[in-house]
Protein chains: 2
Amino acid sequence: MELSERKKKILSAVVEEYIISAEPVGSKTVLERSGLDFSPATVRSELAALEKAGYLEQPHTSAGRIPTSKGYRLYVNELMTKKKLDGDEAELITRELGSSREPEKLMGDAGRLATELTSYPALTITAPRALTVKRFELIYLDPNSFIIVLLLSDNAVKNKLVRLPFSFDESLLKRLSAVFNASFTGVAEEDMTPLMLESAERGANDPMGLTGVIASFAIESLKSARESETVFSGGESLLKLPEFRDSGKAHKLMSYFSGEGAQKLPVAGADGDVRVLIGPENIAEELKDTSVVLASYDAGDNTRGLIGVVGPTRMDYSKVAAKLSYIADGLSRLLSGGMLSPSGFGKLMISEGDDKREG
Amino acid sequence: MELSERKKKILSAVVEEYIISAEPVGSKTVLERSGLDFSPATVRSELAALEKAGYLEQPHTSAGRIPTSKGYRLYVNELMTKKKLDGDEAELITRELGSSREPEKLMGDAGRLATELTSYPALTITAPRALTVKRFELIYLDPNSFIIVLLLSDNAVKNKLVRLPFSFDESLLKRLSAVFNASFTGVAEEDMTPLMLESAERGANDPMGLTGVIASFAIESLKSARESETVFSGGESLLKLPEFRDSGKAHKLMSYFSGEGAQKLPVAGADGDVRVLIGPENIAEELKDTSVVLASYDAGDNTRGLIGVVGPTRMDYSKVAAKLSYIADGLSRLLSGGMLSPSGFGKLMISEGDDKREG
DNA sequence: GTTAGCACTCTTTTCTTTCGAGTGCTAATT
DNA sequence: AATTAGCACTCGAAAGAAAAGAGTGCTAAC
């Protein structure tokens with residue numbers, strides 16, 4: 001059943017007012033906010049109708065109305081005017097993301113940025129990937145140590161310094177590196193162990209068992225890429241919100257997301273678009289009066305990750321969605337080839353040596 | 001003025017009881033806990049004396065006593081019996097630290113471990129280090145890309161994949177790597193820029209300006225090692241404590257440590273020993289009814305870092321100190337050469353670098 | 001030096017009362 | 001038929017009053 005135009009206006013007014021005030025909204029307030037020109041009594045009968053239809057509820061008989069999750073859902077899907085990001089913020093996002101220098105910390109930094117902009121805790125989920133090693137390189141340092149460098153299929157580089165209690169010479173490393181590049185490249189993690197054993201069996205001219213060391217490192221690297229990793233940050237921002245005044249709730253929520261809870265969020269979803277999970281639509285009991293707004297980004301290599309924020313159902317979905325969407329776009333650009341900011345390498349080769357900008 | 005034996009026992013009883021209950025302690029409770037065989041009236045006069053001497057205070061006239069920070073200080077320095085870590089926990093610490101595979105994440109993992117064991121938020125501060133590059137290695141991938149691998153003086157390995165919009169050949173990389181290993185090793189970060197400019201001026205046979213790319217990466221790596229980094233985690237565990245029931249306090253504390261506050265802690269200190277900062281001894285206003293217990297660890301290369309927890313002044317200092325001290329020892333062993341855990345190929349591993357990914 | 005006894009203080013808890021925001025209904029108005 | 005004014009009613013929140021309780025400090029006796 002389609003709601004009348006007036007009901008929609010009233011519902012919007014209730015939602016928007018409640019988002020700001022966190023207090024039940026009464027008929028008078030609706031009139032002020034909506035600009036409609038009727039009497040409170042009229043609005044009251046409309047409110048009663050909206051309540052019967054399941055969009056609003058009353059905490060108790062003599063209070064105003066608050067939106068139900070059905071109400072929020074309608075608001076988010078149809079009523080809300082999508083806000084545009086203002087230029088300052090867009091610029092801030094671009095700048096901050098671009099200045100995150102270490103890829104390991106990029107997701108964490110993006111999360112902190114999301115917290116800063118929305119005042120809600122942020123959550124990032126990196127997509128698991130089945131990678132392979134594209135190239136093995138062994139760097140000889142001295143008779144007891146060498147560095148393993150792996151170039152993975154997503155162009156990440158992993159390395160490890162190995163020091164041994166016995167000595168070897170450079171030619172052994174050369175030989176091994178040839179073997180690895182010939183037989184272990186493009187091999188999936190689960191096929192690597194048998195391959196390694198087989199190779200050891202053949203007695204591949206490796207008296208000290210370096211094959212095992214190198215293969216183990218490769219396996220470990222591929223394995224950790226295969227696990228999706230979540231980062232939760234900014235939990236303290238919840239404490240400012242009235243619905244988390246009683247610290248028990250905040251604690252539950254933070255523990256949930258600091259722990260394994262984040263893994264349970266539905267990772268699949270409309271590519272590129274922002275998804276909003278409202279209250280009971282969420283999976284976990286801990287989240288029943290909490291909403292999650294998630295934006296997905298392209299992590300390159302045909303995988304997608306998620307970045308989102310967690311907050312009370314009463315969230316400014318419109319603003320939050322705009323911000324997250326912009327951050328996710330930035331991440332996509334950074335991770336899937338293009339460069340976000342001119343301070344990265346793309347320009348570096350032209351205006352090279354500009355270390356001032358990077359400081 | 002030295003306190004009588006009986007006064008010391010009473011003070012200990014008050015502190016220990018208050019640590020558990022978080023409620024002002026009265027004369028009757030002191031008797032129960034201390035096992036002393038006097039009447040409440042006797043204890044009362046002793047309590048009054050301890051209050052006059054500044055070790056205790058009364059929240060209001062008809063309440064029990066709580067320790068002042070002077071009281072805690074005396075307790076921590078002289079009265080407290082140092083607890084030993086029980087075997088299970090020692091083993092847990094050893095195992096957990098040993099299984100932290102990525103060095104970048106070691107400090108964060110150690111912090112989370114501290115939180116888990118103490119139920120207080122943890123704080124790690126890595127010592128800033130003035131490093132140099134020990135070895136440059138350039139790995140040729142294809143005509144447009146190569147990997148820079150740096151071995152730093154603390155044996156950390158850094159790398160970055162560089163992709164260029166024009167092509168070059170392997171011999172150029174060989175030449176450059178020889179130049180860098182000859183002139184840029186052992187050079188401090190601040191001397192590197194002039195050196196690089198000078199080298200560019202000499203026109204060191206580098207038509208595409210790769211020198212700048214490589215040197216910039218080295219500078220950036222050295223610079224980030226020079227900054228001390230802090231990680232704060234486990235803030236949510238504060239919320240269980242009665243003194244942080246009102247969420248404003250918890251919020252202040254968390255914000256302080258999540259932000260720049262941690263930097264202000266006194267990093268210098270008795271090597272290897274555990275330091276306890278009690279309430280007003282702390283620097284910041286935010287910390288005035290908070291204590292910080294800090295253990296320092298040997299980060300190798302003649303630098304020391306800190307790991308600690310933050311909690312209410314009413315903390316079980318003895319247990320907390322034992323745990324932190326053990327964790328710090330573990331970190332020292334891991335970071336300064338020796339290996340903590342014999343698991344897998346761990347024994348062979350000295351240091352493992354992070355991966356850099358080109359955007 | 002120690003203790004029993006007791007009046008006193010101040011917080012905490014509980015119960016009442018008051019206040020007010022907001023409702024739902026009915027009857028009048030347009 | 002939709003809108004509105006009017007009004008009694010509900011129920012939480014705030015304010016006030018009373019009672020309970022924990023613990024003290026003091027005094028006088030042991």
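## Contacts to DNA strand C

Start with A:Ser27: in this predicted model, an N or O atom in its side chain sits 2.9 Å from a phosphate oxygen of DNA strand C. The side chain of A:Arg65 likewise places an N or O atom 2.9 Å from a phosphate oxygen of strand C. B:Arg44 goes for a base instead, with a side-chain N or O atom 3.5 Å from a base oxygen of that strand. As for secondary structure, α3 (40-52) of chain A and α3 (40-52) of chain B are the elements that each give two or more residues to this surface.

## What surrounds strand C

Strand C has 18 residues around it, and the closest are A:Arg65, B:Ser39, B:Thr42, B:Thr61 and B:Ser62. By type, the surface splits into 11 polar, 4 charged and 3 nonpolar residues. On the DNA side, sugar or phosphate accounts for 78% of the strand C atoms within 4 Å of the protein, and bases make up the rest.

## Over to DNA strand D

Here B:Arg65 has a polar side-chain atom 2.9 Å from a phosphate oxygen of DNA strand D. A:Thr61 also points a polar side-chain atom at a phosphate oxygen, at 3.5 Å, while A:Ser62 has one 3.2 Å from a base oxygen. Again, α3 of chain A and α3 of chain B are the elements giving two or more residues to the surface.

Which residues come nearest to strand D? Of the 18 around it, they are A:Ser39, A:Thr42, A:Thr61, A:Ser62 and B:Arg65. The surface here holds 3 nonpolar, 11 polar and 4 charged residues. Of the strand D atoms within 4 Å of the protein, 79% are sugar or phosphate, with bases supplying the rest.

Methods:
Residues are numbered from 1 along each chain as its sequence is written. Chains are lettered from A and ligands numbered from 1 in the order in which they are written. This is a predicted model: local features need pLDDT of at least 70, side-chain atom pairs count only at pLDDT 80 or more; totals for chains, interfaces and linings use all residues. Side-chain values use heavy atoms; hydrogens and water are left out. A residue is near a molecule or strand if one of its heavy atoms lies within 4 Å of it. A polar contact is a pair of N or O atoms within 3.5 Å; within protein, one must be able to donate a hydrogen and the other to accept it, and residues adjacent in sequence count only if both atoms are side-chain atoms. Helices (H or I, at least four residues) and strands (E, at least two) are DSSP runs, numbered from the N terminus. Ala, Val, Leu, Ile, Met, Phe, Trp, Tyr, Cys and Pro count as nonpolar, Asp, Glu, Lys and Arg as charged, and the others, Gly among them, as polar.
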